[in-house]
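Got the viewer open and a hand on the selection box? Let's walk through the structure one stop at a time.

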Amino acid sequence: MRRLALVAHVGASVGWLGAVVVSLALGVVGLAADDPQVVRAVYLILEPVGWTTLVPFSVASLVTGLLQALGTHWGLTRHYWVLIKLVMNLVATGVLLLYMQTLGYLADLARGGADARNASPVVHAAAAIVLLLVALVLSVYKPRGTTAWTPARPAGVQGFRPTPP
Amino acid sequence: MSETRGSRAPRWVKVFAVIGAVVVVLLVAMLVAGHGPGHHHGLGAR
């Protein structure tokens, strides 16, 4: 069951990274294309790509990551690398949900026939890729360091007292 | 890197904290400057 949860978390996170790479590629095409119809198509498609891939994968990555942390010895706040990944995931998902408004606005511009060409999707996708790669490195290397909320002994041991923060 | 528990965070965590703080300050500055959701006036070439 734990391996299944790990597969789900890795799958969701890899899917998220892949979706962001696609968004970056679309953004670059939107900036570089000469054909106005291609530019229009890019900004029309970025919003549904966001709602159908970016948002579901980011939420799935967050949920499976939480399950993974809480269901294993790693815990959610025990190790710095897990805690930092959680914060990064929460920030990235929050920014993505807010950024969907911008993608919707760009899609509206394109739908109305205006030139929606903008560097914003490229900048946001590039930043997201950096963040996801950092999360990937943390997941693979699992750098040492336990937080102040680390139990001195495994939970359930008689006489256990957590280390004060 | 040594296992650290309690008040002393490893160096890599301090580096992450500094980078995170810089990113947060930049994000807040950009939001205050008008960039972000709901501030689309500068987007697109109408």
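**Start in chain B**

Pick Gly34(B): this glycine follows H1(B) and has a positive phi, near 110°. Keep in mind as you go that what you are looking at is a predicted model.

Now step back and colour H1(B) itself, residues 11–32 of chain B. How many Å should its 22 residues span at 1.5 Å a residue? The expected span is 32 Å, and the end C-alpha atoms are 32 Å apart, so the helix agrees with that figure.

**Over to chain A: helix H2**

Next, select residues 36–70 of chain A, which make up helix H2. This helix has 35 residues and reaches 49 Å from its first C-alpha to its last, close to the 51 Å expected at 1.5 Å a residue. Where along the way does H2(A) bend? Centre on Gly50(A): the helix bends there by about 45°.

Slide to the N-terminal end of H2(A) and show the side chain of Asp35(A), which caps the helix. One of its side-chain oxygens lies 2.9 Å from the backbone nitrogen of Gln37(A), so put a distance label on that pair if you like labels.

While you're in H2, find Tyr43(A), which sits in this helix. Is Tyr43(A) buried or exposed? Its relative accessible area is 1%, and the cut-off for buried is under 20%, so Tyr43(A) counts as buried. Then add Leu26(A) to the selection: Tyr43(A) and Leu26(A) are 17 residues apart in sequence, and their C-alpha atoms are 8.4 Å apart in space.

**The second largest pocket**

Time for a surface view. The second largest pocket holds about 670 Å³ of space. To get to its centre, select His9(A), Ser13(A), Trp81(A), Lys85(A) and Ser139(A), which lie nearest to that centre among the 28 lining residues.

Which helices should you colour around it? H1, H2, H3 (80–111) and H4 of chain A each supply at least two residues of the lining. H1(A) gives the most, with seven residues. Colour the lining by residue class and you get 18 nonpolar, eight polar and two charged residues.

Keep Lys85(A) from that selection and add Val134(A): the two are 49 residues apart in sequence and 8.8 Å apart in space, C-alpha to C-alpha. Val134(A) is in helix H4 of chain A. With 29% relative accessibility, Val134(A) counts as partly exposed.

**Past the end of H4**

Follow H4 (120–141) of chain A into the segment after it, and you come to Lys142(A). Check its backbone: phi is near 45°, a positive value in a residue other than glycine. Lys142(A) is partly exposed, at 34% relative accessibility.

Carry on through the segment after H4 to Ala148(A). At 13% relative accessibility, Ala148(A) counts as buried. For a longer label, pair Ala148(A) with Ala5(A): they are 143 residues apart in sequence and 27 Å apart in space, C-alpha to C-alpha.

**Last stop: helix H1 of chain A**

Finish on Leu6(A), which lies in helix H1 (residues 2–32) of chain A. What does 41% relative accessibility make Leu6(A)? Partly exposed, because that class runs between the 20% and 50% cut-offs. For a final distance, join Leu6(A) to Asp108(A): their C-alpha atoms are 39 Å apart in space, with the two positions 102 residues apart in numbering terms.

Methods
Residues are numbered from 1 along each chain as its sequence is written. Chains are lettered from A and ligands numbered from 1 in the order in which they are written. This is a predicted model: local features need pLDDT of at least 70, side-chain atom pairs count only at pLDDT 80 or more; totals for chains, interfaces and linings use all residues. Side-chain values use heavy atoms; hydrogens and water are left out. Helices (H or I, at least four residues) and strands (E, at least two) are DSSP runs, numbered from the N terminus. Buried means under 20% relative accessible area, exposed over 50%, partly exposed in between (1.4 Å probe, protein chains only). The expected span of a helix is 1.5 Å times one less than its number of residues. The bend at a residue is the angle between axes fitted to the seven residues ending there and the seven starting there. A polar contact is a pair of N or O atoms within 3.5 Å; within protein, one must be able to donate a hydrogen and the other to accept it, and residues adjacent in sequence count only if both atoms are side-chain atoms. On a 1 Å grid over the protein atoms alone, a cavity is a set of points where a 1.4 Å probe fits but cannot get out, and a pocket is an open set with protein on both sides within 12 Å along at least five of seven lines; lining residues have an atom within 4 Å of a point. Grid points are joined across faces, edges and corners, and a volume is the space filled by probe spheres set on the points. Ala, Val, Leu, Ile, Met, Phe, Trp, Tyr, Cys and Pro count as nonpolar, Asp, Glu, Lys and Arg as charged, and the others, Gly among them, as polar.
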